[in-house]
Amino acid sequence: MSGPEWTDQGPPTSAFADTFYVYEVREDGDRIEYFGTPLLPRQRVLEELWPAFQKEGYELSYERKYGETVLVAEPADDGEVSDVPWTNIVLFLATVVSTLLVGAAWYQIDVTSGPLAVLRAWPFAAAVMGVFGVHEMGHYVMSRYHGVRASLPYFIPVPTLFGTMGAVIKMKGQMPDRKALFDIGVAGPLAGLAATFVVTIIGLQLEPVATVEPAARSGEAVLLRLNHPPLLDALAALTGQADQTNYHPVVVGGWLGMFITFLNMIPVGQLDGGHVSRAMFGEYQETLAAAVPGALIALGGYLHFVGDVSLNSVGIWFLWGAIALFMSLVGAVRPIDDSSLGRKRFAVGVVTFVLAGLCFTPVPIEMIG
């Protein structure tokens, strides 16, 4: 056990004596624990000390240990993957399989004719995984750019209507400032939308499939219809395909990219929209986030009780109202440097929210029959 100044790692405690009174320092390998008392509000302490620790290559955070306040400094890795990321690889391969199996239904492929028949659905699988993969890599690349630790994407295989629930990356450590928070948050939706545009335009040029919506498993008389958001209709019009009634399954990948973009840009918690709106509006984002759950639930109620849309078709808004409520209670990421964002980034944020709005349709998936 060392005294307050007896450490060869990190900045000396005398460098921050006016912000955090230290009465004991403990070292555990490369980890440094400063036991003491904040002399300023906790967030202000982090803001004041962050530059010195960042310069020394440390992440800084608070912990409670033995009932005491501990300021913890841990080495910030550079995000490099030192070992083979087996979990990412296994989930990726499992998602390839699940999207191929689901894609076979969209193509109306009889998989009983032979297991390799599902490989004919590879364009659907590539479209879906491409949209999600590019989205998450947008976050990953921008995280690396700003020195924020992030994992490679984890795909989520689920044999549902699309074969996956998407992909996620995990971020560790503190967010340095609003610019980093904004760039990381907005990079995913913009990269994903770019991939969505490509996938949709390619799909619109391919030969339509007679019926792309597979029958729901609850009964052959019930069909699922994917209603088009304005952005999909605009791309169809621009490519001269506005009169089509059926589309190639690759277009479903584009539709999914738009739908996920809208959901991700809901301005609550740690969704992409929560990151972007927190960076744009600062603490006022909390007021915006508080209104979102009620708005989503009200939308579902209006569509069902006034618009006479089936509960199965609008239930997604009740579900997302509950998710948004939970996320708003958890709160958004607070950056160390909470100074204003700047006009250029603010304008990019506005454009991104507008694009996300063009991906909205009141009844995304409609059950017919």
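These exercises walk through one predicted model.

Residues are numbered from 1 along each chain as its sequence is written. Local features need pLDDT of at least 70, side-chain atom pairs count only at pLDDT 80 or more, and totals for chains, interfaces and linings use all residues, while side-chain values use heavy atoms, with hydrogens and water left out.

**Exercise 1. Describe the chain as a whole.**

Solution.
- Start with the elements: the protein chain has 10 helices and 10 strands. Helices (H or I, at least four residues) and strands (E, at least two) are DSSP runs, numbered from the N terminus.
- Next, take the extent. The C-alpha trace spans about 75 × 45 × 40 Å along its principal axes.
- Then look at burial: 49% of the 369 residues are buried. Buried means under 20% relative accessible area, with a 1.4 Å probe and protein chains only.
- Finish with contacts (heavy atoms within 4.5 Å). Of those with a separation of 6 or more, 66% join residues 24 or more positions apart.

**Exercise 2. Compare two annotated transmembrane spans with the model.**

Solution.
- The unreviewed UniProt entry annotates "transmembrane region" at several spans, including 121-140 and 247-266. Such annotations may be inferred rather than shown by experiment.
- Residues 121-140 are 95% helix and 0% strand, with end C-alpha atoms 28 Å apart.
- Residues 247-266 are 80% helix and 0% strand, and their end C-alpha atoms lie 28 Å apart.

**Exercise 3. Place Thr 95 and Gly 301.**

Solution.
- Find Thr 95 in helix α2 (residues 86-106). Thr 95 counts as buried because its relative accessibility is 0%.
- List its contacts beyond four places in sequence: Met 129, Phe 155, Ile 156, Pro 157, Gly 163 and Thr 164.
- Move to Gly 301, in helix α8 (residues 285-306). Its relative accessible area is 13%, so Gly 301 is buried.
- Beyond four places in sequence, Gly 301 touches Val 306 and Phe 318.
- Trp 317 is 16 residues from Gly 301 in sequence; their C-alpha atoms are 8.7 Å apart.

**Exercise 4. Map the nonpolar cores.**

Solution.
- A nonpolar core is a set of buried Ala, Val, Leu, Ile, Met, Phe, Trp, Tyr and Cys residues joined through side-chain atoms within 4.5 Å.
- The largest has 54 residues, and Trp 106, Phe 162, Leu 263 and Ile 266 touch the most other members.
- Among the elements that give two or more residues to this core are α2, α3 (122-145), β9 (223-226) and α9 (311-330). Helix α6 gives the most, with 10 residues.
- Check Leu 263: beyond four places in sequence, its contacts are Leu 271, Trp 317 and Trp 320.
- A second, separate core has 17 residues, including Phe 16, Phe 20, Leu 46 and Trp 50.

**Exercise 5. Which residues make the contact of α7 with α10?**

Solution.
- Locate the pair: α7 is residues 272-281 and α10 is residues 343-357.
- Their axes come within 10 Å and cross at roughly 145 degrees. Axes are lines fitted to C-alpha atoms over the stretch in contact, and angles run from 0 to 180 degrees between N-to-C directions.
- Gly 273, Val 276, Ser 277, Met 280 and Phe 281 of α7 meet Phe 346, Gly 349, Val 350 and Phe 353 of α10.
- Sort them by class: six are nonpolar, three polar and none charged. Ala, Val, Leu, Ile, Met, Phe, Trp, Tyr, Cys and Pro count as nonpolar, Asp, Glu, Lys and Arg as charged, and the others, Gly among them, as polar.

Note on methods:
Buried < 20%, exposed > 50% of the residue type's maximum accessible area, 1.4 Å probe, protein only.
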